[in-house]
Amino acid sequence: MNASAPRQPQEHKREQEREREQEHEQSRRTPWHGVLVATALPLREGSTGRLEVDFDGYANHVSWLAANGCDGVTPNGSLGEYQTLSPEERARVVTTAVETAPEGFTVMPGVAAYGADEARRWAEQAAEAGAAAVMLLPPNSYRADPRAVVAHYREVAKAGLPVVAYNNPFDTKVDLVPELLAELHAEGLIVAVKEFSGDVRRGYRIAELAPGLDVLCGADDVALELAVAGSPGWVAGYPNAFPRASVALWRAASAGDLETALPLYRALHPLLRWDSRTEFVQAIKASMDLVGRYGGPCRQPRVPLTPEHEEIVRRATEKALAEGLG
């Protein structure tokens with residue numbers, strides 16, 4: 001066959017599959033790369049009537065995510081309702097994830113706290129438990145200026161684990177703008193940022209100002225855009241319910257295989273967009289219940305979905321299942 005002849009479709013498909021496998025292998029070498037699931041936490045009513053953490057159920061969920069192709073988990077994020085946990089519960093969530101994780105499967109706990117001292121203690125607990133990295137919001141419940149943000153990350157970095165910054169300006173009221181991220185990276189305080197602003201243009205500016213800083217997709221409903229732009233990882237919510245389809249979407253988009261990625265993205269997007277809404281925890285847990293994974297209730301201050309929202313989530317979930325995405 002002439003060497004200059006165009007590649008046949010089957011050959012092109014095999015090359016794309018090889019590229020995806022190479023990307024997956026790279027994700028296993030770099031802990032914060034690949035699809036890391038911000039895990040929901042199973043809560044069940046106990047004998048006192050209070051919602052208690054089902055640690056056995058959580059361990060089962062971590063194992064299930066690993067078996068379904070995900071590259072790791074991020075416990076004790078907002079999706080894991082960390083703000084409602086006692087210190088004992090929060091610590092046990094981390095140790096449960098680490099003890100359950102198979103070899104090469106990342107555990108990257110959230111270590112957010114009001115102040116740097118407490119956040120550093122959580123980072124130290126994660127290190128002692130055997131976690132590979134931590135994810136850190138800027139100061140919580142305090143509109144910190146850039147000096148305070150740098151001091152915060154400087155203190156938590158002393159714990160010794162790689163730190164992935166988490167930019168969520170909607171909840172924290174602190175925006176980790178590209179210039180500030182570049183300062184944190186230049187000082188060696190962060191290795192990556194989970195970008196939740198929804199502004200897909202930021203990745204390019206961050207790459208200009210801080211070459212080498214990994215920009216991770218932090219919002220489910222911009223996953224394709226950031227994967228195509230070269231993001232090496234996705235800290236994701238909806239793989240709690242649809243892991244295989246989510247992983248297939250991410251690997252295809254990362255490999256530039258839009259023929260595969262776009263139909264998946266369109267099919268999942270009615271669900272993925274809930275990740276950027278106030279009721280994202282309840283919505284993802286509702287989808288988990290519908291696909292046969294226990295999602296269950298949330299602790300206050302989160303209240304159940306309204307009947308209207310519940311119906312929207314139900315229809316979108318059932319449609320995704322009917323399309324074979326479960």
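Select helix H12 to begin: Phe-280, Val-281, Gln-282, Ala-283, Ile-284, Lys-285, Ala-286, Ser-287 and Met-288 are its buried residues, where buried means under 20% relative accessible area, exposed means over 50%, and partly exposed lies in between, with a 1.4 Å probe and protein chains only. Helices (H or I, at least four residues) and strands (E, at least two) are DSSP runs, numbered from the N terminus. The model is predicted, so that local features need pLDDT of at least 70 and side-chain atom pairs count only at pLDDT 80 or more, while totals for chains, interfaces and linings use all residues. Residues are numbered from 1 along each chain as its sequence is written, and side-chain values use heavy atoms, with hydrogens and water left out.

**Helix H12 and what follows it**

With residues 280-291 still selected, H12 reaches 17 Å from its first C-alpha to its last over twelve residues, close to the 16 Å expected at 1.5 Å a residue; the expected span is 1.5 Å times one less than the number of residues. The helix is mostly covered, nine of its twelve residues being buried. To display the cover of those buried residues, add strand E2 (43-45), helix H2 (55-67), H11 and helix H13 (307-322), which are included in it.

Move on to Gly-292, just after H12, which takes a positive phi of about 100°. Then select Pro-301, in the loop between H12 and H13, and inspect the peptide bond that joins Gln-300 to Pro-301, which is cis with omega near 15°.

**Helices H10 and H11**

Two packed helices are described by the angle between their axes and the distance between the axes. Axes are lines fitted to C-alpha atoms, for helices over the stretch in contact, and angles run from 0 to 180 degrees between N-to-C directions. Select residues 243-254 for H10 and residues 258-272 for H11: these helices pack at an angle of about 135°, with their axes 9 Å apart. H10 and H11 are therefore oblique to each other, given that angles under 35 degrees count as roughly parallel, over 145 as roughly antiparallel, 65 to 115 as roughly perpendicular and the rest as oblique.

Their crossing is left-handed, a term used if the near helix is turned anticlockwise from the far one by less than a right angle, with right-handed used if clockwise. On the H10 side, show Ala-245, Ser-246, Ala-248, Leu-249, Ala-252 and Ala-253, which meet Thr-260, Ala-261, Leu-264, Tyr-265, Leu-268 and Leu-272 in H11. The residues of this contact divide into ten nonpolar, two polar and no charged. Here contact means heavy atoms within 4.5 Å, and Ala, Val, Leu, Ile, Met, Phe, Trp, Tyr, Cys and Pro count as nonpolar, Asp, Glu, Lys and Arg as charged, and the others, Gly among them, as polar.

While H11 is on screen, select Leu-258, which lies in that helix and counts as partly exposed at 35% relative accessibility. Leaving aside its neighbours within four places in sequence, Leu-258 is in contact with Leu-224, Val-228 and Pro-263. A distance drawn between the C-alpha atoms of Leu-258 and Arg-273, 15 residues apart along the chain, comes to 20 Å.

**Helix H7 and its two partners**

Next, select H5 (residues 146-157) together with H7 (residues 178-186), which pack at an angle of about 35° with their axes 11 Å apart. The crossing of H5 and H7 is right-handed. Pro-146, Val-149, Val-150 and Tyr-153 of H5 make the contact with Leu-180, Glu-183 and Leu-184 of H7, and these residues divide into six nonpolar, no polar and one charged.

Keep H7 and add H8 (residues 202-209), where the two axes come within 9 Å and cross at roughly 40°. H7 and H8 are therefore oblique to each other, and H7 passes H8 in a right-handed crossing. Pro-178, Glu-179, Leu-181 and Ala-182 in H7 meet Arg-202, Arg-205, Ile-206 and Leu-209 in H8, a set that divides into five nonpolar, no polar and three charged residues.

**Single residues to finish**

Select Lys-173, in the loop between helix H6 (169-172) and H7, where phi is near 65°, a positive value in a residue other than glycine; Lys-173 counts as partly exposed at 49% relative accessibility. Glu-81, in the loop between strand E4 (72-73) and helix H3 (87-100), also has a positive phi, near 55°, but Glu-81 is buried, with a relative accessible area of 0%.
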